[in-house]
Amino acid sequence: MKKFFYCLILLVAMCAVFVCTGMTVKEQVVGSDNCYIVDYNSGRVLYAKGENERKPIASMVKIMTLLLAFENVDSGKISLDQKVTISHEAAGQVGSEMFLDEGVEYPLTDLIKGIVTMSANDASVAVAELIGGDELSFTKIMNDKAKSLGMNDTLFANATGYPTKEEQYSTAKDVTCMMRELASHKEYYNYSTIWLEDYTHPSGRVTQMANTNKLIRHYKGCDAGKTGYTDSAKFCLASTAVRDGMRVVGSVLGAQDSKARFRAMSTLFNYAFNNYKKVVLLNSGAPLSVDVKVSGGKKDKLSVISKSELSVLQAKGEANCKLEYNIPESVKAPIKCGDKIGEVYAVVDGQKVAVGEVIAAEEIKKASIWDYVKKFM
């Protein structure tokens, strides 16, 4: 009898595994009708469901606030150690906050830390005022940036995502797009991987910062992300993870509870890592077997290389990628080393899934009269 009981348990367990493994991603991503995940390097779509449906995204709006902050740091317009005086408007924000003191100077790096970890609304407005002068002007910058990224189904009304009478919305596809852009800034990961920290204000007062993205602690390879919640947006999450050099970026909108959004994102990550592998087609600086003629130069042919690594995520059983080039047959001297000459595409089943730049591997100066004489002789 006991043996029969153990066999029955084993049979039930095997059936459960069979059912779960036989489920589609759509069936497994429960609690969310809007999700999207892509390859970070190429932007190739790995899975999509309801990705173009316009929805409120709550605090995930801060992804754009952070993106503009890091872009301004990279351009030298602002610096991370720059002091920012907290205005009455910033200090008066409600909802998630790091309890900034009005009229007190805080380093920009601390404000960014508050936005990334605990989704601080007061810090977001302070950063918006630093870059745009006021939050309204900064919101226009946000919307302009969204358009430049092709986020055609996104409208920002403020720098925080806090509910307002003005219309504001985005989509799973657009959120993933701006999360992918934010993930390209290496400095961002110095903040996104913070789990818990006691932050000491200039006055000596302490605020505990806890990361709202639980996946950085509970999902192997997850190193960044942004959560969001309001009554209308429900539970949202944009996140990125990397394994074996393969990075993916995704988003989940409108989950029914907090656990559901993390479960849905974990399912998307698992689907990507279990069904795709990274294939490096060209290494950075790889010489290309392409003939490029040179007119009016000291040399008749130009050597070209790949500017950066060209890689794709390839599905199991999928046809191998092919390389196609968009390079002119002839270029005119003078040419500097590193000049863009053309593009190289990764193509699967006739579809371009990734693109890279082809650049000059050498300098070719303009030919002199003596060069022409030597060629003639």
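**Close-up 1. Five strands make an open sheet.** In this predicted model, 5 strands line up in the order 2-1-9-8-7 to form an open sheet, and their pairing is antiparallel. Strand 2 and strand 7 (222-230) are the edge strands, each pairing on one side only. On average, neighbouring strands of this sheet are turned by 5° against each other, direction ignored. As a reminder, strands of a sheet pair through backbone hydrogen bonds, either parallel or antiparallel.

**Close-up 2. Strand 1 meets strand 2.** Here we look at one edge of the sheet, where strand 2 is an edge strand. Strand 1 (residues 34-39) and strand 2 pair in the antiparallel sense, with 4 bridges between them. If you would like a residue to start from, try Ile37: its bridge partner in strand 2 is Tyr47. The next view stays with Tyr47 and turns to its ring.

**Close-up 3. Tyr47 pairs with Tyr271.** A search of the whole structure finds 8 aromatic pairs. One of them joins Tyr47 and Tyr271, edge-to-face, at 6.1 Å centre to centre and with 65° between the planes. Tyr47 belongs to strand 2 (residues 45-49) and Tyr271 to helix 11 (residues 258-275), so this pair ties together parts that are 224 residues apart in sequence. Buried or exposed, where does Tyr47 fall? Tyr47 is buried because its relative accessible area, 13%, lies under the 20% cut-off. Its partner Tyr271 is partly exposed, at a relative accessible area of 21%.

**Close-up 4. Phe70 packs its ring against Tyr188.** These two rings have their centres 6.2 Å apart and their planes at 70°, so this pair is edge-to-face. Phe70 sits in helix 3 (residues 62-75), while Tyr188 sits in the loop between helix 8 (172-182) and helix 9 (189-192), so the contact ties together parts that are 118 residues apart in sequence. Phe70 counts as buried, at 1% relative accessibility. Tyr188 counts as buried too, with a relative accessibility of 1%.

**Close-up 5. Ring pairs build a cluster.** Which residues do ring pairs link into a cluster with Phe70? They are Tyr188, Tyr189 and Tyr191. Phe70 and Tyr188 will be familiar from the previous view, where they form an edge-to-face pair.

**Close-up 6. A lysine sits over a tyrosine ring.** Our last stop shows a charge and a ring. The charged end of Lys352 is placed over the ring of Tyr345, at 4.0 Å from the ring centre.

Conventions: Residues are numbered from 1 along each chain as its sequence is written. This is a predicted model: local features need pLDDT of at least 70, side-chain atom pairs count only at pLDDT 80 or more; totals for chains, interfaces and linings use all residues. Side-chain values use heavy atoms; hydrogens and water are left out. Rings of Phe, Tyr and Trp (its six-membered ring) pair if their centres lie within 6.5 Å; planes under 30 degrees apart count as stacked, over 60 as edge-to-face and the rest as tilted. Helices (H or I, at least four residues) and strands (E, at least two) are DSSP runs, numbered from the N terminus. Buried means under 20% relative accessible area, exposed over 50%, partly exposed in between (1.4 Å probe, protein chains only). A charge sits over a ring if NZ of Lys or CZ of Arg is within 6 Å of the ring centre and within 35 degrees of the ring normal. Two strands pair if DSSP finds at least two bridges between them. Axes are lines fitted to C-alpha atoms, for helices over the stretch in contact, and angles run from 0 to 180 degrees between N-to-C directions.
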